[in-house]
Amino acid sequence: MSLINLSRSTPLASRTTTKKVSAEEFIQDALHYASGTVVPLAAVTDRQVNDSHHEPMRRATFTLTPECIDQLQQLSEQSGIAKSKLIRLWIQRYASLNFD
Amino acid sequence: MMILVGGEKGGSGKSCLAQNIAVYLRCEKKASVLMVDCDPQRTTSDWAQERSSNDELPSITCIQLYGKIRNELLSLKERYDYVVIDCGGQDNLALRSSMAVADHILIPLRPKRRDLKTVPHMEDILSTCKMVNPRMNAAFVITQCPSLPSLASRILEAKEVCRSFEVSVLNSVTFSRNMYDDSEESGRSVLESEADGKAAVEIRSIIEELLARRKGEQHESDKPVSLYAAS
């Protein structure tokens, strides 16, 4: 049997490199892997975010509490993902949940 | 200079490669070499002990280190020309600590499905590791290749799988040879058991190719390779 089907089938997504990972974090992440909780450290990569649409995006205004705004800002800084993109990601995830 | 031989897959020949590389550097490059055995199986430690009991062989010091060993490695690096690290077949603290400071990272894989299935995770680790060790020179090497020409496609396919993850893979390979096992038993390397043998040629080829890779060069050259040149 050919080994070729083990090749990566989709192109490598560009990684979000804005999040700095320290040596200590990198080393410590081995424990997460060993315990089965695989959290991509550098990445939160863009892999799972379906941003492949080609239509221009539109501005939208929503009402958030100051606490939510602060949390969104912190999450954006921690993950290196833009706030708008985080929201798009959450919407996508939420929409994919099965409530039945 | 720090050379890590590691990876997630057991049985791919990490200890064998590490030992032979250490002997190459010690005996053929006349360098001071320290081996660090991070594998609790102590394969390399036992080999070094066997070696030290043979007065004919230049001894190579081997120490065991486990866990978060980054600072220890950085300290040792200052005292030897080469530190060769043998990390056991799992993603653990020692492997990551070594990756964070190694100049060269060699990841052996057999041309088998079970080995190649570890490539995605290794690629993930390497990508993250570049943030903390941007100068590292990491490459896969295909080991224990079948000698039958009819199975040559497996070697090429294994390399292709590695390349598909945008991780370098060496042109040089090792073939499945009893010489590797036989020489290890007596604390020797294939370079000492049969200096001009095919296994010795393979080891020299691997380490010289690894060290010669220029900084920043991340992909295998497009030069055609004669798979059976040394078989």
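The following exchange concerns a predicted model and the sheet and interface found in it.

Biologist: Which strands of chain B stand at the edges of the sheet, and why is one side of each left without a neighbour?

Modeller: In chain B, 7 strands make up an open sheet with parallel pairing, running in the order S3-S2-S4-S1-S5-S6-S7. An edge strand has a single partner strand, so one side of it is left without a neighbour in the sheet, and in chain B this applies to S3 (61–64) and S7 (169–175).

Biologist: What angle does the direction of helix H10 of chain B make with that of S7(B)?

Modeller: Strand S6 (residues 137–145) of chain B runs parallel to S7(B) and is joined to it by 3 bridges, with B:Cys145 standing opposite B:Phe175. Helix H7 (residues 152–164) of chain B packs on the sheet with its direction at about 145 degrees to that of S7(B). Helix H10 (residues 198–212) of chain B also packs on the sheet, where it touches S1, S4, S5, S6 and S7 of chain B, and the angle between its direction and that of S7(B) is about 165 degrees.

Biologist: Which three residues supply 25% of the area that chain B buries against chain A?

Modeller: The two chains bury about 2600 Å² between them, 65% of it on carbon and sulfur atoms. More than any other three residues, the contribution on the side of chain B comes from B:Arg96, B:Arg113 and B:Met131.

Biologist: Over the face of which residue does B:Arg96 lie?

Modeller: A charge sits over a ring if CZ of Arg is within 6 Å of the ring centre and within 35 degrees of the ring normal. B:Arg96 lies at 5.1 Å from the ring centre, over the face of A:Phe26.

Terms used. Residues numbered from 1 in each chain as written. Chains lettered and ligands numbered in written order. Predicted model: local features only at pLDDT ≥ 70, side-chain atom pairs only at ≥ 80, totals over all residues. Heavy atoms only, no water. Pairing = 2+ DSSP bridges. Helix = DSSP H or I, 4+ residues; strand = E, 2+ residues; numbered from the N terminus. Contact = heavy atoms within 4.5 Å. Axes fitted to C-alpha atoms, helices over the stretch in contact; angles between N-to-C directions. Buried area = accessible area lost by both parts, 1.4 Å probe.
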